[in-house]
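User: I'd like to learn how to read a strand, a core and a few odd backbone angles in a model. Could you take me through them step by step?

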Amino acid sequence: MRLSSPFIRYYLGVYACVYLYLYLFLSFIPSCKTTTATATAAAAATEAATAAEATAAAAAEAAAEFEWDGRIVALGDLHGDAENALLLLDALGVIESSSSSSSSSNSSSSSSSSSKSSKKKWIGGKKTLLIQTGDIIDRGPDGKILYDLFYDLKKQAEKKGDKVIQLLGNHDAMNLCGDFRYVHPSETAQFGGIRGRQLAFSDEGKYGKMLRSFYAAVNINGISKYVANSPHAIEISPNGDIYEVAVHPKQQHQQQQQQQQQQQQQQGEGEEEGEEKPFIVSRRKLDTAPLSYYIQKREREEAAKRQQQEQEQQQQQQQQQQQQEEEEETERQEEEEEEELYLEEGEEEEEEEIIFNTNNNSSNNSSNSSNSSSNSSSNSSSSSSRSRVAQEEL
């Protein structure tokens, strides 16, 4: 049979058409799948962007502005590093120092994990404000542990008159929106898988509610930017002095440790009691322009001091004037009392004189009467004698 026959040419044409149709159909299906997946991804990205915008807008409403008359410390971008976070909190003096808070080279991973997750005691005191500037989560394995730690420290600080503020970082917002690209694999396992993590960061989940309560921004004492990266922190004293605080492994910084000890000895500061820590703390004063809030604060304090001094001077003057008036009143009363005594003495003398005169007059009268009676008796006796003589003569 020759290939040039019409019958064979017909079947070859039909076979070619069927093959071409199948080829085009099978090629079109993956492209449809790819197009559908691209559209789905674009819709998901749009939804995530909308959710992120809504979250950012809601968080922006939670911005805060207030004044804090005490010590301020700020740290941020912990990124799941609980070990350095605990070292830094210990160095800042806001949590109780313990040997279990820092892992040694001989400790096992299980003991280190239990040390990270164990409850820490807040000892900030002196009216301390701790600001965590966000990005607790992602990259490291301890984001969940750090969220629980700061939540517990916040409650403890409020009971002691201190305060802990947490800001919402971009990685925190990403997890709220379901973007888990930078999540550590072991941390996902802590939530029981990806579904458990999604539920935990949902609107009704524990960490979803927690993160939605964070401030998007904060302005304290006129300062709106607290930049700090682990293992560093920023400390602002009540006088407005700004320090950079950092922790360093002791083995790598022996020389820096010796310099710090020499400075402490020169300043007359004694060595701290307790167990020796496997790290050293460096505090470097930043050469920055004075903050306007603290300038105004000093001006207010100086004005209040001047006002207090003026009030004290006025009070002293009033006291002196009152004392002088009291002395004058006392002198006047004494003079009046002396005058009254003088008058009373004069009256008594007059009364005595009158009594004396009265007595004299009465005595004179009595003597006169006695004289007159004696005279009369003598007269009567003489008359009687004369009468007897006359009778005798008769």
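Analyst: Gladly! Let's start with a strand: β3 is covered on both faces, with Thr 128, Leu 130 and Gln 132 buried on one side and Leu 129 and Ile 131 buried on the other. Please keep in mind that this is a predicted model.

User: Why do the residues of a strand fall into two groups like that?

Analyst: In a regular strand, side chains alternate between the two faces of the sheet. In this structure, 5 of the 5 residues of β3 are buried, so β3 is largely enclosed by the rest of the structure.

User: Which strands pair with β3, and in what sense?

Analyst: On one hand, β2 and β3 pair in the parallel sense through 5 bridges. On the other, 4 bridges connect β3 (residues 128-132) with β4 (residues 163-166), and these two strands also run parallel. You can follow the register residue by residue. Thr 128 in β3 is the bridge partner of Arg 71. Towards β4, Leu 130 stands opposite Val 164, and Ile 131 stands opposite Ile 165.

User: How is the connection from β3 to β4 described?

Analyst: Together, β3, α4 and β4 form a β-α-β unit, and its hand is right-handed.

User: Arg 71 came up as a bridge partner. Is its residue buried or exposed?

Analyst: Arg 71 sits in strand β2, and it counts as buried because its relative accessibility is 15%, where the cut-off is under 20%. Its side chain reaches the backbone oxygen of Leu 92 at 3.0 Å. Beyond its sequence neighbours up to four places away, Arg 71 touches residues including Leu 92, Gly 93, Thr 128, Leu 129, Glu 235 and Pro 238.

User: Now the core. What should I expect in general?

Analyst: In soluble globular proteins, nonpolar side chains tend to be buried together. Here, the largest nonpolar core holds 36 residues, and those with the most contacts inside it are Leu 89, Leu 130, Tyr 147, Phe 201 and Leu 211. At least two residues of this core come from each of β2 (71-75), α2 (82-91), α4 (143-159), α8 (206-212) and β7 (242-249). Apart from this core lies another one of 16 residues, among them Ile 72, Ile 165, Ile 234 and Ile 242.

User: Which residues does Tyr 147 touch?

Analyst: Setting aside residues up to four places away in sequence, Tyr 147 touches Ile 136, Ile 137, Asp 172, Phe 201, Tyr 207, Met 210, Leu 211 and Phe 214.

User: Let's turn to the backbone. What makes a phi angle worth a second look?

Analyst: Most residues other than glycine have a negative phi. This structure offers two cases to inspect. Asp 135 has a positive phi of about 60°, and Asp 138 has a positive phi near 80°. Asp 135 lies in the loop between β3 and α4, and so does Asp 138.

User: Are those two loop residues buried or exposed?

Analyst: Asp 135 counts as buried, at 7% relative accessibility. Asp 138 is also buried, with a relative accessible area of 0%.

User: What lies around Asp 138?

Analyst: One residue to find is Glu 187, whose contacts include Asp 138. Glu 187 belongs to helix α6 (residues 185-190) and is buried, at 0% relative accessibility. Glu 187 and Asp 138 are 49 residues apart along the chain, while their C-alpha atoms are separated by 8.7 Å. Glu 187 is also in contact with Ile 137, Gly 140, Pro 141, Asp 142, Gly 143, Lys 144 and Arg 197.

User: Which polar contacts does the side chain of Glu 187 make?

Analyst: A polar atom of the Glu 187 side chain lies 2.6 Å from the backbone nitrogen of Gly 143. In addition, the side chains of Glu 187 and Arg 197 are joined by a polar contact of 3.3 Å.

User: To finish, how do I place these details in the chain as a whole?

Analyst: The chain's secondary structure consists of 10 helices and 8 strands. Of its 394 residues, 28% are buried. Among contacts with a separation of 6 or more, 76% are between residues 24 or more positions apart. Finally, the accessible surface of the chain is about 26,500 Å², with 50% of it belonging to carbon and sulfur atoms.

Definitions and conventions
Residues numbered from 1 in each chain as written. Predicted model: local features only at pLDDT ≥ 70, side-chain atom pairs only at ≥ 80, totals over all residues. Heavy atoms only, no water. Core = buried A, V, L, I, M, F, W, Y, C linked by side-chain atoms within 4.5 Å. Buried < 20%, exposed > 50% of the residue type's maximum accessible area, 1.4 Å probe, protein only. Contact = heavy atoms within 4.5 Å. Pairing = 2+ DSSP bridges. Right-handed = clockwise from strand over helix to strand, strands pointing away. Areas by Shrake-Rupley, 256 points an atom, 1.4 Å probe, with all protein chains shown as cover. Polar contact = N/O pair within 3.5 Å; in protein donor to acceptor, adjacent residues only side chain to side chain.
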